[in-house]
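Here are a few exercises to work through with the model open beside you. Try each task before you read its solution.

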Amino acid sequence: MSEPLVSVKSVSVSLGGNPVLSDVSLTLTAGRITTLIGPNGAGKSTLARLVLGLIPADTGTISRRKGLRVGYMPQQIKIDDSLPLTVDRFLWLAASGPTAARREALQRAGVAHLRRRAVQRLSGGEMQRVLLARALLRKPDLLVLDEPAQGVDVAGQNALYGLLREVRDELGCAILLVSHDLHLVMAATDEVICLQRHVCCSGTPESVSRDPAYHELFGPGAGTPNLALYTHDHDHDHDLHGNAHHHHEGPCNHD
Ligand SMILES: Nc1ncnc2c1ncn2[C@@H]1O[C@H](COP(=O)(O)OP(=O)(O)OP(=O)(O)O)[C@@H](O)[C@H]1O
């Protein structure tokens with residue numbers, strides 16, 4: 001195992017007087033895709049921001065490898081509609097450097113043809129890829145993506161997650177994904193962390209999808225149909241609703 005890039009240990013965070021994260025631990029390693037899933041308000045973005053060093057922890061420790069380069073794709077980005085802005089200029093504003101670097105990043109994100117287009121005219125899926133190119137420009141050791149597939153159709157989401165796997169394989173970077181839509185994300189993930197203020201369960205997509213705590217958060221049958229696309233073992237039973245039955249270690253504590 002290589003040295004972790006980021007190690008979060010027993011961290012708690014309160015925002016505006018409310019506990020948002022409680023006793024959360026997480027390790028990010030090069031070449032691995034980790035996905036944070038959980039309902040709205042579960043603290044996913046907060047944990048991502050903590051990993052990025054944008055907010056401090058109240059208790060617990062966070063260590064980052066020295067000289068860690070991070071690329072961040074935020075949940076939303078506001079671009080002034082009144083100013084014409086090409087994709088190339090948009091990327092240059094984030095990281096000035098040679099045109100070739102921007103071309104390469106766009107190419108890797110599969111949108112080299114959009115370099116001279118106005119960002120305001122891009123479709124949702126095109127914009128997400130441009131934002132990915134922008135994050136890649138920094139040649140990150142760690143890529144953090146907050147809801148990267150927002151506003152992207154299912155085919156586009158599949159393509160985006162496929163692209164993330166390619167990026168991980170080519171750059172060998174760690175990827176931290178945030179999502180509340182887990183179906184497609186699961187297929188592109190080495191480790192899933194199911195968050196509801198604290199870590200409810202974590203592990204491979206298969207093990208999490210079988211965990212009662214996961215079903216408690218997402219409802220019966222969550223994740224099952226798409227998981228079947230790449231899961232071959234069947235060492236558990238399903239009931240009529242598609243729920244997996246296996247050893248139960250106790251319900252998720254939501255407080
Ligand atoms: N600056 C802040 N001040 C007070 N409360 C905040 C602040 N930022 C976030 N919160 C609260 O912290 C909780 C967690 O927010 P967070 O954005 O991390 O959740 P999330 O899991 O990413 O949710 P979503 O899926 O809706 O994006 C929410 O209840 C939110 O209202």
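**Exercise 1. The shell around the ligand**

Find which strand and which helix each supply at least two residues of the shell around the ligand.

*Solution.* Keep in mind that you are looking at a predicted model. Start with the secondary structure: strand E2 (18-28) and helix H1 (44-52) each supply at least two residues of the shell. Next, look at the top contributor, which is H1 with three residues. Then go down to single residues: the shell holds 13 residues, and those that come nearest to the ligand are Gly16, Asn40, Lys44, Ser45 and Thr46. Finish by sorting the shell by class, which gives nine polar, three nonpolar and one charged residues.

**Exercise 2. Two domains and their contact**

Work out which residues belong to each domain, then describe the side of domain 1 that touches domain 2 by class.

*Solution.* First, take the bounds from the domain assignment: domain 1 covers 1-69 + 140-234, and domain 2 covers 77-139. Second, place the two domains in space; their centres, taken over C-alpha atoms, are separated by 25 Å. Third, turn to the contact, to which domain 1 gives 11 residues and domain 2 gives 10 residues. On the domain 1 side, helix H5 (residues 154-171) gives the most, with four residues. Last, sort that side of domain 1 by class: eight residues are nonpolar, two are polar and one is charged.

**Exercise 3. A closer look at one residue**

Is Ala118 buried, exposed or partly exposed?

*Solution.* Begin by locating Ala118, which sits in the loop between helix H3 (99-108) and helix H4 (124-136). Now count its neighbours: 15 other C-beta atoms lie within 10 Å of Ala118. A buried residue needs 20 or more, and an exposed one has 12 or fewer. Ala118 therefore counts as partly exposed, given its 15 other C-beta atoms. To see what surrounds this residue, leave out residues up to four places away in sequence; Ala118 then touches Pro84, Leu85 and Thr86. As a further check on the model, find Phe90: Ala118 and Phe90 are 28 residues apart in sequence, and their C-alpha atoms are 9.2 Å apart in space.

**Exercise 4. The whole protein**

How many helices and strands does the protein have, and what percentage of its residues is buried?

*Solution.* Count the elements and you should reach nine helices and 11 strands. For burial, take the 255 residues of the protein; 39% of them are buried. Finally, consider contacts between residues at least 6 apart in sequence: 68% of these join residues at least 24 apart.

Methods
Residues numbered from 1 in each chain as written. Predicted model: local features only at pLDDT ≥ 70, side-chain atom pairs only at ≥ 80, totals over all residues. Domains from an automatic or database assignment. Contact = placed C-beta atoms within 7 Å. Nonpolar A, V, L, I, M, F, W, Y, C, P; charged D, E, K, R; others polar. Near = placed C-beta within 6 Å.
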